[in-house]
Amino acid sequence: MKVMVGGTFDPLHAGHRKLLARSFELAGPDGEVTIGLTTDEFAGVKVHPVHSYRERLETITSFIRERGYAAAWRVEPLADRYGSALDADFDILVVSEETFPVAVEINELRRERGRRKVDLHEISCVLAEDGRRISSTRICRGEIDRQGRLIR
């Protein structure tokens, strides 16, 4: 299976790890995972500071290597909401609950371009100790750590 996933992945937290892990599970050992990583310009619209593309790429690369996934993988710059997903040949798009509407748009735009629809696989958000979802914004505010443990 050819799987696509995208995001800013900064800081890389339990929710991101779940999203990436599921992407590799769906791809299988003989599959391929394409990770769209937001460019510095596109990530600049976040409400919290974001590390450079190069630093985020190094973090993702380390995570994937530590996990020892067998599937082939590559990271490509994601300069907008859709990246190469509008025209690429792939089978599954893995998204979070909050980005599911963008995945639906991608399939609509693919259809308009004469491309086949891809399967959408939605990952539920990972919850912190307080029952609220883990997010990069909450981590940057110092409310929780990357695993969702409460700091204050």
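These legends walk through several views of a predicted model of one protein chain.

**Figure 1. The whole chain, with its 5 helices and 5 strands.**
Welcome to the overall view. Following the sequence from start to end, the elements of the protein chain come in the order β-α-β-α-α-β-β-α-β-α. The radius of gyration is 15 Å, close to the 15 Å that the globule rule gives for 152 residues, so the protein chain is as compact as a globular protein of that length. Along the principal axes, the C-alpha atoms fill a box of roughly 50 × 30 × 30 Å. Of the 152 residues in the protein chain, 43% are buried. If we take contacts between residues at least 6 apart in sequence, 64% of them join residues at least 24 apart.

**Figure 2. The surface and charges of the protein chain.**
About 8,200 Å² of the protein chain is exposed, and carbon and sulfur atoms supply 49% of that area. The protein chain carries 24 positive and 25 negative charges. How far apart are the mean positions of the positive and negative charges? They are 2 Å apart.

**Figure 3. The loop between β1 and α1, home of Phe9.**
Strand β1 covers residues 2-7, and Pro11 sits in the loop that links this strand to α1. Phe9 belongs to that loop as well. Most residues other than glycine have a negative phi, and most peptide bonds are trans. Both habits are worth keeping in mind for this view. Phe9 has a positive phi, near 55°, although it is a residue other than glycine. Is Phe9 buried or exposed? With a relative accessible area of 3%, under the 20% cut-off, Phe9 is buried. A little further along, the peptide bond that joins Asp10 and Pro11 is cis, with omega at about -10°.

**Figure 4. Gly28 and Glu32, at the loop before β2 and in the strand itself.**
Helix α1 spans residues 14-27, and Gly28 lies in the loop between this helix and β2. Gly28 counts as buried, at 19% relative accessibility. Its C-alpha is 32 Å from that of Arg138, a residue 110 places apart from Gly28 in sequence. Glu32 is found in strand β2. At 29% relative accessibility, Glu32 counts as partly exposed. Which residues does Glu32 contact, leaving aside neighbours within four places in sequence? They are Met1, Lys2, Val3, Ala27, Ala71, Ala72 and Arg74. Between the C-alpha atoms of Glu32 and Arg141 there are 35 Å, and the two residues are 109 apart along the chain.

**Figure 5. Thr39, a buried residue in a loop.**
Thr39 lies between β2 (32-38) and α2 (40-43). The relative accessible area of Thr39 is 13%, which means that this residue is buried. Leaving out residues up to four places away in sequence, Thr39 touches Tyr53, Arg56, Pro77, Leu78 and Ala79.

**Figure 6. Glu76 within strand β3.**
Strand β3 runs over residues 72-78 and includes Glu76. Glu76 is buried, with a relative accessible area of 13%. What surrounds this side of the strand? Residues up to four places away in sequence aside, Glu76 touches Met4, Thr34, Ile35, Gly36, Leu37, Tyr53 and Ser84. Tyr53 is also one of the residues that Thr39 touches, so it is worth looking for in both views.

**Figure 7. Leu120 in strand β5.**
Residues 119-123 form strand β5, where Leu120 is found. Leu120 counts as partly exposed, at 29% relative accessibility. Not counting residues up to four places away in sequence, Leu120 touches Leu93, Phe100, Ala103, Val104 and Asn107. Asp10 is 110 residues from Leu120 in sequence, and their C-alpha atoms are 23 Å apart in space.

**Figure 8. Two cysteines, Cys125 and Cys140, in no disulfide.**
A disulfide is a covalent bond between the sulfur atoms of two cysteines. How many disulfides does a search of the whole structure find? The search finds 0. For Cys125, the nearest cysteine sulfur is that of Cys140, 16 Å away, whereas a disulfide needs two sulfur atoms within 2.5 Å. Cys140 is likewise in no disulfide, and the nearest cysteine sulfur is that of Cys125. Cys125 counts as partly exposed, at 21% relative accessibility. Cys140 counts as partly exposed too, at 39% relative accessibility.

Key:
Residues numbered from 1 in each chain as written. Predicted model: local features only at pLDDT ≥ 70, side-chain atom pairs only at ≥ 80, totals over all residues. Heavy atoms only, no water. Buried < 20%, exposed > 50% of the residue type's maximum accessible area, 1.4 Å probe, protein only. Helix = DSSP H or I, 4+ residues; strand = E, 2+ residues; numbered from the N terminus. Contact = heavy atoms within 4.5 Å. Rg over C-alpha atoms; globule rule 2.2 N^0.38 Å. Areas by Shrake-Rupley, 256 points an atom, 1.4 Å probe, with all protein chains shown as cover. Lys, Arg positive; Asp, Glu negative; His and termini not counted. Charge placed at Lys NZ, Arg CZ, Asp CG, Glu CD.
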